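Biologist: Before I rely on the descriptive terms used for a model, I should like to see how each one is justified. Could we take them in turn?

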Amino acid sequence: MRGRDQVTHIAFHFNVGDRFDYGCRLARKAVNQRARLLVLLPQDDLARFDQSLWQLSPISFVPHCDANASVAVQTRSPIVLTADVSSTHAADVLVNLSDAVPTNFSSFARVIEIVGSDEPSRQAARQRWRRYAAAGFQLERFDVASKGAA
């Protein structure tokens, strides 16, 4: 569990062409760096993101599981996919692919907000940005279109 004096780092990755592809590549990068991720998605997108992780590369595997898996499986999986953030998930990084500010986000060392280049995604991100800023969190902005992919 994180202490009270630890600050959650929040980064917005803007102008992402394909949010799922970017999220999958970000997940692969995190696994290579031995980080533990919780990926938050709308319920309707969980199966599609799971399939995207399986299809990311024909020669590599990105180990992951669903939040409904047993505790033993979740403990061994560096990436857990969920539609509901709860305090029971042991992860360093929360990757948000939903349009809402996640509950319990401050229990993570880092939050990565993946924002598409379409207007609805950008509008939802602006609302999340305002909520985080109003709560006093320092925010980072990464323009993916100008810096390249994850």
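Modeller: Helices and strands here are DSSP runs, of at least four residues for a helix and at least two for a strand, numbered from the N terminus. With that numbering, asparagine 104 is placed in the loop between S5 and S6. Please note that this is a predicted model.

Biologist: What makes asparagine 104 partly exposed?

Modeller: Buried means under 20% relative accessible area and exposed means over 50%, with partly exposed in between. Asparagine 104 has 38% relative accessibility, so it counts as partly exposed. Its backbone also deserves a remark, for asparagine 104 has a positive phi of about 60 degrees although it is not a glycine.

Biologist: Which value describes the phi of arginine 34, and why is arginine 34 called exposed?

Modeller: Arginine 34 is not a glycine either, yet has a positive phi of about 65 degrees. The residue is found in the loop between H1 and S2. Its relative accessible area is 76%, and exposed requires over 50%, so arginine 34 is exposed.

Biologist: Is arginine 128 buried or exposed, and how do you know?

Modeller: Arginine 128 has 1% relative accessibility, and the limit for buried is under 20%, so the residue counts as buried. Arginine 128 is located in helix H4. Leaving aside residues up to four places away in sequence, arginine 128 touches Phe12, Asn96, Ser98, Asp99, Ala100, Val101, Glu113, Ile114 and Val115.

Biologist: How do you know how many disulfides there are in the whole structure?

Modeller: A search of the whole structure finds zero disulfides. For cysteine 24, the nearest cysteine sulfur is that of cysteine 65, 15 Å away. A disulfide would need the two sulfur atoms within 2.5 Å, and cysteine 24 is in no disulfide. The statement holds for cysteine 65 too, whose nearest cysteine sulfur is that of cysteine 24. As for accessibility, cysteine 24 is at 1% and therefore counts as buried, and cysteine 65 is at 8% and therefore counts as buried.

Biologist: What is the order of the strands in the sheet, and what makes S3 and S7 edge strands?

Modeller: Seven strands form an open sheet with parallel pairing, in the order S3-S4-S2-S5-S6-S1-S7. Strand S3 (65–66) and strand S7 (139–143) each have a single partner strand, so one side of each is left without a neighbour in the sheet.

Biologist: How do you know that S5 and S6 pair?

Modeller: Pairing requires at least two bridges found by DSSP. Strand S5 (residues 93–96) and strand S6 (residues 110–116) are joined by four bridges and pair in the parallel sense. Within this pairing, valine 95 stands opposite isoleucine 112 in S6.

Biologist: Which helices pack on the sheet, and what do they touch?

Modeller: Helix H2 (residues 46–54) packs on the sheet and touches strand S2 (37–40), S3 and strand S4 (79–82). Helix H4 (residues 119–134) also packs on the sheet, touching strand S1 (9–16), S5, S6 and S7. The direction of H2 makes about 155 degrees with that of S4, and the direction of H4 makes about 155 degrees with that of S6.

Biologist: Which bridges does S4 make with S2 and with S3?

Modeller: S2 and S4 pair in the parallel sense over four bridges, and leucine 37 has isoleucine 79 in S4 as its bridge partner. S3 and S4 run parallel and are joined by two bridges; cysteine 65 stands opposite valine 80 in S4.

Biologist: Why is valine 80 called buried, and which way do the residues of S4 point?

Modeller: Valine 80 has a relative accessible area of 6%, under the 20% limit, so it is buried. Ile79 and Leu81 point one way from S4, Val80 and Thr82 point the other way, and all are buried.

Biologist: Why are H1 and H2 called oblique?

Modeller: The axes of helix H1 (residues 19–32) and H2 come within 10 Å and cross at roughly 55 degrees. That angle falls outside the ranges for roughly parallel (under 35), roughly perpendicular (65 to 115) and roughly antiparallel (over 145), so H1 and H2 are oblique to each other. Their crossing is right-handed. The contact is made by Phe20, Gly23, Cys24 and Ala27 of H1 and by Arg48, Phe49, Ser52 and Leu53 of H2.

Methods: Residues are numbered from 1 along each chain as its sequence is written. This is a predicted model: local features need pLDDT of at least 70, side-chain atom pairs count only at pLDDT 80 or more; totals for chains, interfaces and linings use all residues. Side-chain values use heavy atoms; hydrogens and water are left out. Buried means under 20% relative accessible area, exposed over 50%, partly exposed in between (1.4 Å probe, protein chains only). Contact means heavy atoms within 4.5 Å. Axes are lines fitted to C-alpha atoms, for helices over the stretch in contact, and angles run from 0 to 180 degrees between N-to-C directions. A crossing is left-handed if the near helix is turned anticlockwise from the far one by less than a right angle, and right-handed if clockwise.
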